[in-house]
Amino acid sequence: MGDVNFLQKAIQIVQQATEQDNAKNYAEAHKLYIQSLEWFTTALKYEKSERSKATIKAKTMEYLQRAEQLKEYLEKTKNKKPVAAMNGTSKPGSTTKKGGAADDDEDIDPEDKKRSDALGGAILTEKPNVRWDDVAGLHQAKEYLKEAVIFPIKFPQMFTGKRKPWRGILLYGPPGTGKSYLAKAVATEISSTFYSISPSDIVTKWLGDSEKLVKQLFEMARQQKNSVIFVDEIDSLCSSRNDTESESSRRIKTEFLIQLDGVGNDSDGILILAATNIPWGLDLAIRRRFEKRIYIPLPDPHARIKMFQLHIGSTPNSLNQGDFKRLADMTEGYSGADIQIVCKDAIMQPIRMVQMATHFKNIRAPSREDPNVIADFITPCSPGDPQAMEMTWMDIDGAKLKEPDITANDCIKSIRNVKPSVSSKDLDKYIEFTRDYGQEGI
């Protein structure tokens with residue numbers, strides 16, 4: 001690189017600009033952004049590496065855009081007279097009512113409004129329609145969540161004095177065991193605001209913007225009260241801090257720590273619910289903020305029976321309770337997601353039979369529209385059947401086809417084709433973590 005002092009000076013000034021921007025000292029931030037741009041331009045002039053030039057140009061455009069946004073905002077508010085509020089004076093971003101206060105849209109920082117709008121998409125406005133009974137097993141985990149979410153809202157008089165609801169719950173365990181599904185059940189069962197956050201909602205390319213999004217998320221939740229913030233795959237945002245991580249990543253973690261348990265932050269009425277497949281990868285300070293750390297293990301036999309029943313559902317089948325128990329015994333070590341794949345494959349077996357059949361026969365069966373009415377259908381059969389007619393599925397009227405019922409053998413065939421996704425070695429790590437830091441959720 002050329003004279004790195006120019007670039008170092010530019011970075012130093014832009015960091016100061018970002019700090020002033022975060023503190024909402026927009027005039028000073030704008031001034032510093034402009035200064036940094038001059039240094040970036042000089043650094044670009046002496047830079048020889050094309051790759052470094054491209055990086056500097058990209059950063060210059062980012063900070064130029066932010067400087068222009070601040071300039072536009074400052075020009076809007078420059079000629080406005082300060083309006084006295086009830087207990088003091090208004091400041092950029094504040095709003096007051098008609099008759100003695102400023103207009104909401106004009107006083108709010110456009111960047112703050114932009115971030116609020118972005119986070120607004122994380123609020124679940126439609127219920128996922130997943131009930132507690134739809135979650136097979138995990139009785140203890142469901143009780144903890146009811147204790148943390150349902151009871152404080154339904155019986156607020158019980159949570160006074162020293163009795164406070166849990167403020168942070170971490171669900172961890174192998175992939176496909178129902179952690180996110182439990183969160184959907186919480187969102188369905190509560191009447192309060194539910195924020196569903198993924199890493200893409202927080203991480204942005206703008207310097208300093210990610211931590212602002214974290215702060216704004218918590219501020220929105222505090223305004224709503226009785227809010228649940230669900231962070232899926234939290235390990236991607238809050239992994240262990242180290243010397244090789246980026247400054248942006250470190251700032252996001254720091255802001256999370258401040259908002260989760262910072263001095264002066266009122267977190268009453270807010271539950272932080274998070275899920276991860278690698279709990280040992282979480283930062284120690286983040287892990288401490290979660291008062292309840294619940295292990296979501298692989299399903300037990302009773303849960304596997306219910307999963308087969310739920311996933312087969314009303315699809316025509318000839319399975320009885322004994323068959324479901326047999327299938328559950330054969331899927332020891334399978335996760336809920338694995339069983340879902342098994343059932344999906346089993347449901348497709350009758351279609352494969354129709355595709356491969358060379359002979360069909362006429363049968364009478366209940367009508368699809370009205371089960372009380374018996375209608376004529378055509379179904380696959382073996383070539384040796386007395387009523388067998390040689391044809392393929394392409395020779396049959398679509399409305400006349402009656403696919404075979406799903407059988408236990410269909411499910412067994414699918415089990416042999418679908419292997420479990422979690423190894424015993426992986427399970428040992430979860431058991432060790434639970435022994436040291438967590439508790440069972442079964």
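A salt bridge is a side-chain nitrogen of Lys or Arg within 4 Å of a carboxyl oxygen of Asp or Glu. In the predicted model examined here, the side chains of Arg 352 and Asp 345 meet this criterion, with a distance of 3.0 Å from N to O. The two partners were assigned to separate classes of solvent accessibility. Arg 352 has a relative accessible area of 31% and is therefore partly exposed, whereas Asp 345 has a value of 17% and is therefore buried, the limit for that class being under 20%.

A search of the whole structure finds 10 salt bridges. One of the pairs consists of Arg 66 and Asp 21, whose closest N and O atoms are 2.8 Å apart. This pair links distant parts of the chain, since Arg 66 belongs to helix α3 (residues 50-78) and Asp 21 to helix α1 (residues 4-22), with the two positions 45 residues apart in numbering. Arg 66 has a relative accessibility of 10% and so counts as buried. Asp 21 is likewise buried, because its relative accessible area is 3%, a value under 20%. Asp 21 and Arg 66 are also part of a network of salt bridges that includes Lys 212.

A further salt bridge joins the side chains of Lys 361 and Asp 385, at 3.2 Å from N to O. Here too, distant parts of the chain are linked: Lys 361 is in strand β6 (residues 359-366), while Asp 385 is in the loop between β7 (374-380) and β8 (389-390), and the two residues are 24 residues apart.

The packing of two helices was also examined. Helix α12 (residues 301-312) and helix α13 (residues 321-330) pack with their axes 8 Å apart, at an angle of about 120 degrees. This angle lies outside the range of 65 to 115 degrees for a roughly perpendicular pair and is not over 145 degrees, as a roughly antiparallel pair would require; α12 is therefore oblique to α13. The crossing of α12 past α13 is right-handed.

On the α12 side, the contact is made by Pro 301, Arg 304, Ile 305, Phe 308, Gln 309 and Ile 312. The residues contributed by α13 are Gln 321, Phe 324, Lys 325, Leu 327 and Ala 328. Classified by residue type, the contact of α12 with α13 comprises seven nonpolar, two polar and two charged residues. Among the nonpolar residues are Phe 308 of α12 and Phe 324 of α13, and the charged residues are Arg 304 of α12 and Lys 325 of α13.

Terms used. Residues are numbered from 1 along each chain as its sequence is written. This is a predicted model: local features need pLDDT of at least 70, side-chain atom pairs count only at pLDDT 80 or more; totals for chains, interfaces and linings use all residues. Side-chain values use heavy atoms; hydrogens and water are left out. Helices (H or I, at least four residues) and strands (E, at least two) are DSSP runs, numbered from the N terminus. Buried means under 20% relative accessible area, exposed over 50%, partly exposed in between (1.4 Å probe, protein chains only). Axes are lines fitted to C-alpha atoms, for helices over the stretch in contact, and angles run from 0 to 180 degrees between N-to-C directions. Angles under 35 degrees count as roughly parallel, over 145 as roughly antiparallel, 65 to 115 as roughly perpendicular and the rest as oblique. A crossing is left-handed if the near helix is turned anticlockwise from the far one by less than a right angle, and right-handed if clockwise. Contact means heavy atoms within 4.5 Å.
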